[in-house]
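Here is a quick tour of a two-chain model, written for someone who would rather look at the pairing than read about it. Have the viewer open and follow along.

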Protein chains: 2
Amino acid sequence: MKVEKFVPYSAVIFTSTLASSDGYAAMAKRMEELAKQQPGFIRMDSAREDVGITVSYWKNLESIQLWKKNVDHLNTQDLGKRKWYESYSVRIAKVEREYGFN
Amino acid sequence: MKVEKFVPYSAVIFTSTLASSDGYAAMAKRMEELAKQQPGFIRMDSAREDVGITVSYWKNLESIQLWKKNVDHLNTQDLGKRKWYESYSVRIAKVEREYGFN
C-alpha cells in the first residue's frame with residue numbers, strides 16, 4: 001500500500017568517506033543517541049559501504065540548528081571531525097513529498 | 001576548506017530493506033547507469049547495511065519525473081520492485097544548502 005506522509009519537513013544528508021575508523025563507530029552511535037533526544041527529531045537512517053550516508057529528518061530548520069550546535073560541541077571534545085573523515089558533504093534539504101510501502 | 005555549492009537542486013532519497021537479493025545488484029547497477037544518462041542528473045550515492053540508502057541529485061523536478069518514468073518502465077520489465085523490497089520509502093526533497101570538505 002502506498003502511503004503519502006506528512007510534508008514538508010527537513011533533512012540533513014551527510015555523505016562521507018573515512019580516513020580512519022578508529023573510535024568512529026562509538027562516536028557515530030553517540031551522535032545518533034544525541035540526535036534522538038533532540039527536539040524536532042523525526043528519524044535517522046545510516047549505511048556505509050565505500051561511502052557512508054546518514055540522513056536525519058527533522059521537523060524544521062530550527063531543530064537542525066540546535067542539533068548542529070550540539071554536534072559541534074561534541075566534535076570539539078572529540079578533536080574534530082577531521083580525525084575520521086577524508087571528505088564529507090552536508091546537504092540541508094526540504095522534503096516535499098514522500099511515499100512508500102511496507 | 002569549506003565550500004558552499006550551487007543550490008537549490010532536487011534530491012531523491014530512496015531508503016529500503018530487501019526481501020530478496022536475487023538479481024538485485026545487477027538491477028541496481030543498471031538503474032545507476034540509466035540515471036547517469038538522464039538529462040539533469042547531478043550525482044548518486046549509495047550504501048547498504050541493515051538499510052539501503054540511495055540518494056540521487058537532479059537539476060530540477062522535471063528531470064526526476066523523466067527518470068521515474070524510465071525506472072517504472074524498467075521495473076515493469078523486472079516484474080516489479082516488490083520482488084526485491086520488503087519495504088521502501090521515496091522522499092523528494094529540495095537541497096537548499098550544501099557545504100563540506102575534501
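## Across the chain boundary

Start with R91(A): its bridge partner, found in strand 4 of chain B, is E98(B). A little further on, V95(A) has A93(B) as its bridge partner, also in strand 4 of chain B. Both pairs link strand 4 of chain A to strand 4 of chain B (residues 85-101), and those two strands run antiparallel, joined by 13 bridges.

Keep in mind that this is a predicted model, so treat those pairings as the predictor's version of events.

## Inside chain B

What does strand 4 of chain B pair with in its own chain? Strand 1 of chain B, residues 9-18, pairs with strand 4 of chain B in the antiparallel sense, over 10 bridges. To find one spot in that pairing, look for L18(B), which stands opposite Y85(B) in strand 4 of chain B.

So strand 4 of chain B has bridges to strand 1 of chain B and to strand 4 of chain A.

## Who touches whom

Now for the contact count: 27 residues of chain A are in contact with 27 residues of chain B. On the chain A side, strand 1 (9-18), strand 2 (41-48), strand 3 (52-58) and strand 4 (85-101) each chip in at least two residues. Strand 4 of chain A gives the largest share, with 15 residues. Sorted by class, the side of chain A that touches chain B comes out as 13 nonpolar, eight charged and six polar residues.

## How the copies relate

Which operation puts chain A on chain B? A rotation of 180° does the job, with 0.0 Å of shift along its axis and an RMSD of 0.0 Å. The two copies are therefore related as by a two-fold rotation axis. The same surface serves both copies, too: 100% of the contact residues of chain A recur in chain B.

## How far to trust it

For the model overall, the scores are ipTM 0.89 and pTM 0.90. Chain A has a mean pLDDT of 87, and 87% of its residues reach 70 or more.

Where in chain A is confidence lowest, and where is it highest? The low end is helix 2 of chain A (residues 61-77), at a mean of 82, while the high end is strand 3 of chain A, at 97. As a general caution, predicted coordinates should not be read in detail where pLDDT is low.

Methods: Residues are numbered from 1 along each chain as its sequence is written. Chains are lettered from A and ligands numbered from 1 in the order in which they are written. This is a predicted model: local features need pLDDT of at least 70, side-chain atom pairs count only at pLDDT 80 or more; totals for chains, interfaces and linings use all residues. Copies are superposed by least squares on the C-alpha atoms of residues with pLDDT of at least 70 in both. Two residues are in contact if their C-beta atoms, placed from the backbone, lie within 7 Å. Helices (H or I, at least four residues) and strands (E, at least two) are DSSP runs, numbered from the N terminus. Ala, Val, Leu, Ile, Met, Phe, Trp, Tyr, Cys and Pro count as nonpolar, Asp, Glu, Lys and Arg as charged, and the others, Gly among them, as polar. Two strands pair if DSSP finds at least two bridges between them. pLDDT is the predictor's confidence in each residue, from 0 to 100.
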